[in-house]
Every structure is written in structure tokens, then in C-alpha cells.
Amino acid sequence: MQAGRPIPVNPARMLAELDELRTIGAVGKGVSRLAFSGADIAARIWLAGRMRAAGLEAVVDPWGNLFGLPPGEGPCLLIGSHSDTQPLGGWLDGIYGVACGLEIARAAREAGGPRIAVVSFQDEEGRFGGLTGSAVWAGAMEPEEADRLSDAEGITLAEARQRAQEIADIGEVSPAQFAAYLEPHIEQGPVLDRAGETLGVVEAIAGVRSLTLTFSGEANHAGTTPMHLRRDAVRGLYNFAAALDTAFAPLVTDRTVWTLGRIAVDPNAPSIVPGTASVSVQIRDPETARLDRLMAEAMGVAEHTALALELDLSVSQGFSADPVPMDPRMTEALAEAAGGIAPGRWRRMSSGALHDATHVSRVLPTAMLFVPSIGGISHNPDEDTKRADLEIGLLALTEAIPHLP
Ligand SMILES: [Zn+2]
């Protein structure tokens, strides 16, 4: 094939495969392929067969990550995502990226090059931990630690992953065999759909900061305690919540999200002035500096609120993860392709959800491309994307590939 030309993919063939995969583990309109379940193994065996039929070598690593490797030497581009699902998920989450990778790798073989590999990482959806397949593969998690993870029934990953050998020949696949990683995925949010856009070029996977604040006052009789003598913890909570939005307004962008998701009040009774009130604060943003600034601001607002109402304040830190920037050269190649194929109907954005790309970016230049989710619905049997948008995503990838590192 002539260098620089897009790989001549067959979008109808990819859509037909997505339709067929949808039947493996089908539950109504949705799909249930929990990692290492019968349906997950069946889907991976099916994928391994399609890889071989495309002239790729199907190799599964001991963690259940399934690779389709092209013949020949030297690092090549790796495209994919995951084929496991939530206990009851939709038909596109993860598998869209794998189907794109399979079609592109196959079409590249038919066209005589370039060499492209495909992957379906295991346990992205977290039967055991979430992103465990890519975490171990990319060195973000120690194998011993992963093996100790267990599912809701107490089955360990060490036990479950024995089934990997049913999928294909077990082998070790090293990140050094690849030049870069490209993960196409459905957006799983409403941004593209609401804007009537077709493609999202991901610039970063958002980071997370979280903490729990507890305001403590004095529980007392709700009828006999005059307002000016109360130390009402819930008052601290709602004053904090209102002041937080005001304080954040000048600091956030349209990519920032924050959530007061869990509230607990004690004694939590209609006739008692609340003695303690705690609230979780979770902030997500693609930039570390802004995350830290917002956390400091939240702390300042909480301290100010507590002081004004004569409440005590205690703070416990929660889950934290830094933002993961995508590779700028790959992002530019995707942006160029998106602008060419969907002019005026694409955007640069960040991913609010974690993906396998989070871990793979530690070891390979990595980028992600989003297609819309109708109504922003995902992790739900109603999850869907227009077939035309699924095709445009595939075509945009092929336009970008000649310009990737
Ligand atoms: Zn996914």
C-alpha cells in the first residue's frame, strides 16, 4: 500500500461484527459479559478466531488480555479497548474500540500494510478491581496485588484468570512490541450528543481529588433551643454547599465537575438540632494545578463556614488520581483527521471516566477518540450510538494513522 494513504477499511464489516458480538451475553437490549464469565470467555474466543482469520496471531497473556499480533518485526501501532462489560451493560462500551482495532488491523493486512495490532484488555469494568488487565500489563499494579483482588462472591482474580487458557495460546506480550496505543471509545456522557457533534478528541483523562468534611456542633432540642444559641451542623453543611458553588464559579472551566455525593447527618431526626453533618466532596478536572487550587478553595470555604457558625470541622482525604494527558502528537493527528472528516462537528475534550488508556499511557504514547453516546447513556442496556457515527469514528482513525508516531 502507498505510504500516507488511509487504510481502506470496511465499516459495514465492523458493524456486522459488533452486531454479532452483541449476541454473546445478550440480555434484552443489553449485554452481560463480566470479566472471565462464560460469556466473556466466549466473546474472547470469538474475537481470537476473527483475529486468526484476519492473519493475526491470537495471543492471550496470563491476565486474560487478548492480543491480535501482525506477522513481522518491530514495534507497531496497537488499537483496542476492552470486551468485558458491566454486570448489565450496553453493546458498545469497550467493544467499539476492539472492533475498530480488528477492522483496521485486518484491512491493513489485506492492503499489504502497515502492521497494526489489536487488543482487548481484561476486567476494565471492575469485576475484580477496575482496569486490572491494563494495570498489570502496564506495570501500574503488582501481579501479586492483582491476584489477591476478589469479586463480590469472594472469587479471587488468581482463581478466575485460570480461564485465560481457554481463549487462546498463553504468551507474554510486552509493551515494547508496540509503538503507540490508540483507544477509540464511546463518550459515555452527553457532551457530543447535546452539541450535535460526531467526534471527540481526548486531550486528557480527568484527575480526581476527594475528601469528606464533617461539621460538628451540638445536638439539642429542636423546640427549645433558640436559633442564635444553636450550633447546627447541617446549617454548616448547606452554607458550605452554597458558598462552594460561588467560590468555584470564577475558577472552573466547562471540563470541571464537582459532586457532594454522600451526606450523613446525626442524629438525623426531625426534632433534634443536628449534632454532626458530613459531606463528601469530589472534584474532577483535566489539570492538576486546577484540581489543587479547587481543593484548597473547598478547604478555605469549609473553614470559613465552620468558624462563622462556631462549628468544629474535621477533614479526611479520599481517593485521588492525577490527570493523564494524552500524547500531543497523536492528539494533533486525530484532531486533523476529525476536522477533515467531520468539519465543525468535533471538539477537543477531556474524559471524565477512566479507561485502559489511563494505564497504557505509562508505557506507550497514547491517545483516545470518542464517538457520541445518544442521550449520554452508558452502563445501561439503552446505551447506543448512531451507526453513521460509529463509521465516522472508524474512518477518522484511518485518516490519523499515517500521521501517528
Ligand atoms: Zn469502557
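A residue counts as buried here when its relative accessible area is under 20%, a cut-off worth keeping in mind while moving through this predicted model.

Begin by selecting the zinc ion together with its protein donors, which are His 82 through NE2, Asp 93 through OD and His 185 through NE2, all lying 2.1 to 2.2 Å from the metal. Read along the chain, these donors follow the spacing H-x10-D-x91-H. Two of them, His 82 and Asp 93, are eleven residues apart and link distant parts of the chain, since His 82 belongs to strand 5 (residues 76-82) whereas Asp 93 sits in the loop between strand 5 and helix 3 (95-110).

Keep that pair selected and turn to its accessibility. Asp 93 has a relative accessibility of 6% and therefore counts as buried, and His 82 is likewise buried, with a relative accessible area of 0%.

Next, select Cys 76 and Cys 100 and display their sulfur atoms. How far is the sulfur of Cys 76 from the closest cysteine sulfur? That closest sulfur is in Cys 100, at 17 Å, which is too far for a bond. Starting instead from Cys 100, the closest cysteine sulfur is the one in Cys 76, again at 17 Å and too far for a bond. Because a disulfide requires a pair of cysteine sulfur atoms within 2.5 Å, the count comes to zero disulfides.

Finally, colour the two cysteines by accessibility: Cys 76 is buried, with a relative accessible area of 5%, and Cys 100, at 0% relative accessibility, counts as buried too.

Key:
Residues are numbered from 1 along each chain as its sequence is written. This is a predicted model: local features need pLDDT of at least 70, side-chain atom pairs count only at pLDDT 80 or more; totals for chains, interfaces and linings use all residues. Side-chain values use heavy atoms; hydrogens and water are left out. Buried means under 20% relative accessible area, exposed over 50%, partly exposed in between (1.4 Å probe, protein chains only). Donors are N, O and S atoms within 2.8 Å of the metal (3.2 Å for Na, K and Ca); water is not among the atoms, so sites may look incomplete. Helices (H or I, at least four residues) and strands (E, at least two) are DSSP runs, numbered from the N terminus.
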